[in-house]
Amino acid sequence: MRILVVVQRYGAEVVGGSESHARVMAHRLAMVNEVEVATTNALDYWSWAPYFAAGESMDGPVRVRRFAVTGLRSTTFKESERHILFEPHTLADEQGWLAMQGPHTPDLLEFLRREGKSYDAILFYTYIYEPTAAGLPLVPERAGLVSTAHDEEPLRLVPYRALFQLPRAFGFLTPEERDLVHARFRNEHIPSEVLGIGLDAPPWHDPEPFRDHYAPRGPLVVYLGQVSEGKAVDELLADWIAYRESGGAGSLVLAGTARMPIPERDDIVALGRVSDEEKYALLEAADALVLPSHLESLGIVLLEAWQVGTPCLVSAKNKVTSGQVIRASGGAAYDRGGFAAALAEVLARRDELGASGRAYVERECTWPAFDGRLEQLVDLVAN
Amino acid sequence: MNEPSLLVVVQRYGDVPGGAEGHARSVVQRLGPHFAIEVATTNSTDYLTWKADLTAGLDRVDGVTVRRFPVERPRAWNFKLYERRAFRSAHTLDDERAFIDAQGPYAPELLDFLFKRGRDYDHVLFFTYIYYPTVLGLPLVPERAVLVPTAHEESAIGLAAYKPVFHGPRAIAYNTDEERQMVWRRFRNERVSNEIVGVGIDVPSGRDASRFRERYGITGPYLLYVGRIGVGKGSRELFASYERWRASDPAHDVSLVLIGDAEMAVPKASGIVHLGRLSEQDKWDALAGCAAFVMPSLLESLSLVTLEAWAAGRPVIVDARSPVLAGMTRRAGAGLAYRGPAEFAEICELLMDEPAVGDRLGRSGAEFVARTYTWPRVVDAYLDLFAEVRTRLAA
């Protein structure tokens with residue numbers, strides 16, 4: 001089969017959950033199909049500044065077609081966005097949203113209109129950006145949409161009203177995303193597949209140095225990911241300090257790029273970015289992983305923690321990660337104010353919850369299981 | 001009131017010519033008892049210019065509220081240029097967008113209304129796939145939209161701009177199986193719920209051919225055409241075929257009677273009688289008396305007047321290259337199809353020499369219409385489609 005993957009940014013250097021998922025999918029599909037990618041020459045999503053050369057290149061077996069972004073993201077985008085999302089406005093305002101948000105790539109759209117029919121299936125990643133929202137309507141008869149949708153304001157905007165009625169099939173990251181899309185768009189009649197993700201086995205790693213260092217001070221609780229308010233790490237810090245002040249013991253270790261101030265305390269340690277080996281060593285040494293974010297479309301770090309038998313604590317505000325924890329029986333979800341109690345519960349049942357999480361990952365996140373779901377999606381789109 | 005609400009969107013509405021527009025109005029009349037119904041349209045009656053010849057705002061037609069939105073620019077004087085650009089194989093998406101706007105009727109307030117108020121209606125029924133109100137309006141309310149495409153093979157339908165129109169609505173009401181097959185072939189949109197709905201034909205009880213002959217001075221046998229007279233309707237070929245036949249076969253003294261507005265010069269040849277637009281009663285009287293009804297148009301999704309000819313018990317002569325007309329005529333066993341002027345002449349001679357053949361074909365046509373094109377069946381088909389939409393929205 002000849003398959004095209006359309007995504008706003010693409011490449012090993014690109015940071016982003018949907019973009020990484022798109023690249024993994026392209027490479028898995030390329031093992032048995034002819035796979036191409038249509039994308040832009042941008043690396044980041046806040047400026048869309050050119051970084052890659054426009055034109056064709058190879059990423060392993062995958063042919064990558066990069067189309068030039070015309071115009072950077074408007075410097076007044078955030079103000080215009082606030083106007084459209086929260087103030088009275090016109091149809092034209094909403095229709096202008098896509099081009100304003102970017103990445104605006106007319107050549108990519110012309111390519112889809114002209115060459116789309118030469119592919120058996122075209123899989124679009126991320127509903128929100130113009131390559132998908134303006135591109136999918138050009139080839140609905142061969143389109144699959146991996147929407148990576150959250151419950152967020154833009155999902156209500158006019159460019160997406162028809163978009164979610166058009167594809168031949170959906171690929172959802174989680175059952176929660178599927179339920180959200182069905183409730184919002186009443187499009188249950190369009191077939192879908194919950195894709196999840198496949199994971200490589202963890203690389204060689206050694207948890208002993210972390211254990212030796214932290215165990216004497218009590219339980220080791222780890223946060224992995226961007227350290228920012230956007231990820232609700234400020235709430236986590238407040239919860240942690242309240243937990244300590246009410247007599248709880250242990251250390252909170254934050255691994256990831258810091259984009260906010262972190263209080264200087266002996267029990268809170270910021271490691272900055274860590275290598276893959278350090279990541280798994282830290283996860284395995286940890287007594288619990290905590291993920292406070294309200295907006296995750298797929299908590300991959302939960303799956304990685306379960307790979308090494310560590311249970312997880314997630315914010316109950318996030319339906320996706322809460323759903324993952326329930327499905328895997330691999331931890332607990334907490335409300336604000338319930339952090340200490342939930343942590344105590346998870347620590348008391350650490351080995352049992354960790355083992356259950358590990359069994360879930362070994363069942364659902366193997367490459368053959370993921371490939372099977374991908375194949376099902378492609379069949380729904382192409383047949 | 002518990003009845004569900006229905007908004008009908010169509011480019012022109014009221015006392016306007018046009019098959020799709022007449023179709024929309026008769027459907028509104030028949031669905032009236034079942035829905036709280038309103039119409040959203042423009043303030044123009046003229047599809048060639050879209051000149052604003054009616055007052056914008058609220059209007060009432062047949063007791064139904066009609067919201068007329070202003071056409072903000074007339075059809076581009078150089079519209080043909082936009083067509084040529086958009087129909088080239090090497091055209092761009094900008095060419096397509098410019099074509100949609102230039103073709104009109106350009107009524108942005110109608111779109112704003114659908115954007116802000118469209119979701120207040122349980123259903124929105126769009127008539128005709130091709131015009132601005134449907135192309136740009138349907139994607140604003142796809143989850144409650146039903147489309148009556150009235151589509152046929154033409155250049156415009158190949159544009160990418162129309163893909164969301166055929167993939168986006170909750171259901172499609174086709175006019176004929178031929179239309180559905182054509183749309184499926186082009187769009188691969190089989191998964192969109194659909195039904196062949198068509199229209200019902202109202203047959204007046206009194207039809208008097210002699211009254212028509214007397215009033216308009218028609219003597220002897222005649223072929224009849226009813227509809228717009230223009231190049232796009234195949235009129236030029238019809239005149240040529242008719243004149244060739246008469247020249248080669250002077251023994252048959254048969255006139256060609258035309259009812260409808262002419263958008264081209266009608267030849268002053270002997271035997272061709274152009275009567276202009278006539279009343280419904282005159283039309284039915286004319287249909288009752290014709291030797292055969294001729295429909296030379298290639299581009300029809302459903303020819304109402306062909307159905308009316310059958311309802312009047314008369315045979316039809318159609319161009320074999322029109323998939324819808326030739327297909328329906330074959331299924332109905334109610335007429336003959338020609339390929340070229342020679343076959344046209346043969347068919348005319350046969351029907352003149354063997355009137356019993358024409359009568360038999362006409363009877364078969366009347367049975368076909370009574371079987372398929374009745375209002376109770378059409379209304380039921382719409383009710384089923386709308387009920388399906390409501391079930392999904394409420395689920």
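**Figure 1. Parallel pairing of strands S1 and S2 in chain A of the predicted model.** Strand S1 (residues 2-6) of chain A runs parallel to strand S2 (residues 34-40) of chain A, and five bridges join the pair. Arg2(A) has Glu34(A) in S2(A) as its bridge partner. Strands of a sheet pair through backbone hydrogen bonds, in either the parallel or the antiparallel sense.

**Figure 2. The open sheet of chain A.** Eight strands make up this sheet, in the order S3-S4-S2-S1-S5-S6-S7-S8, with mixed pairing. Its edges are strand S3 (55-59) and strand S8 (192-194) of chain A, each of which pairs on one side only. From one strand to the next the twist averages 20 degrees.

**Figure 3. Helices H5 and H8 on the strands of chain A.** H5(A) lies across S1, S2, strand S4 (62-67) and strand S5 (121-125) of chain A. The angle between H5(A) and S4(A) is about 125 degrees. Helix H8 (residues 175-185) of chain A lies across strand S7 (169-172) and S8 of chain A. H8(A) runs at about 135 degrees to S7(A).

**Figure 4. The interface of chain A and chain B.** Chain A contributes 27 residues to the contact and chain B contributes 28 residues. About 2400 Å² is buried between the two chains, with 52% of this area on carbon and sulfur atoms. Of the area that chain A buries against chain B, 29% comes from Arg113(A), Arg161(A) and Arg186(A), more than from any other three residues.

**Figure 5. Polar pairs and helices at the interface of chain A and chain B.** The interface has one salt bridge. It joins Lys163(B) to Glu141(A), with the closest N and O atoms 3.2 Å apart. Across the interface, 13 residue pairs are in polar contact. On the side of chain A that touches chain B, helix H3 (91-95), helix H5 (106-115), helix H7 (159-163) and helix H16 (367-382) of chain A each supply at least two residues. H5(A) gives the most to this side, with three residues.

**Figure 6. The open sheet of chain B and helix H1.** Eight strands of chain B form an open sheet with mixed pairing, in the order S3-S4-S2-S1-S5-S6-S7-S8. Strand S3 (57-61) and strand S8 (193-196) of chain B are the edge strands, each paired on one side only. Neighbouring strands are turned against each other by 25 degrees on average, direction ignored. S3(B) pairs with strand S4 (residues 64-69) of chain B in the antiparallel sense over five bridges. In this pair, Arg60(B) is opposite Thr65(B). Helix H1 (residues 19-31) of chain B packs on the sheet, where the strands in contact with the helix include strand S1 (5-9) and strand S2 (36-42) of chain B. The direction of H1(B) makes about 150 degrees with that of strand S5 (123-127) of chain B.

**Figure 7. The two domains of chain B and their interface.** Domain 1 covers 5-200 + 374-394 and domain 2 covers 209-372. The domain centres, taken over C-alpha atoms, are 30 Å apart. Each domain gives 17 residues to the contact. The buried area is about 1200 Å², and carbon and sulfur atoms give 60% of it. One salt bridge crosses this interface. Glu178(B) forms a salt bridge with Arg331(B), where the closest N and O atoms are 2.8 Å apart. Four residue pairs are in polar contact across the domain interface. Helix H7 (residues 177-187) of chain B gives the most to the side of domain 1 that touches domain 2, with three residues.

Methods:
Residues numbered from 1 in each chain as written. Chains lettered and ligands numbered in written order. Predicted model: local features only at pLDDT ≥ 70, side-chain atom pairs only at ≥ 80, totals over all residues. Heavy atoms only, no water. Pairing = 2+ DSSP bridges. Helix = DSSP H or I, 4+ residues; strand = E, 2+ residues; numbered from the N terminus. Axes fitted to C-alpha atoms, helices over the stretch in contact; angles between N-to-C directions. Contact = heavy atoms within 4.5 Å. Domains from an automatic or database assignment. Buried area = accessible area lost by both parts, 1.4 Å probe. Salt bridge = Lys/Arg side-chain N within 4 Å of Asp/Glu carboxyl O. Polar contact = N/O pair within 3.5 Å; in protein donor to acceptor, adjacent residues only side chain to side chain.
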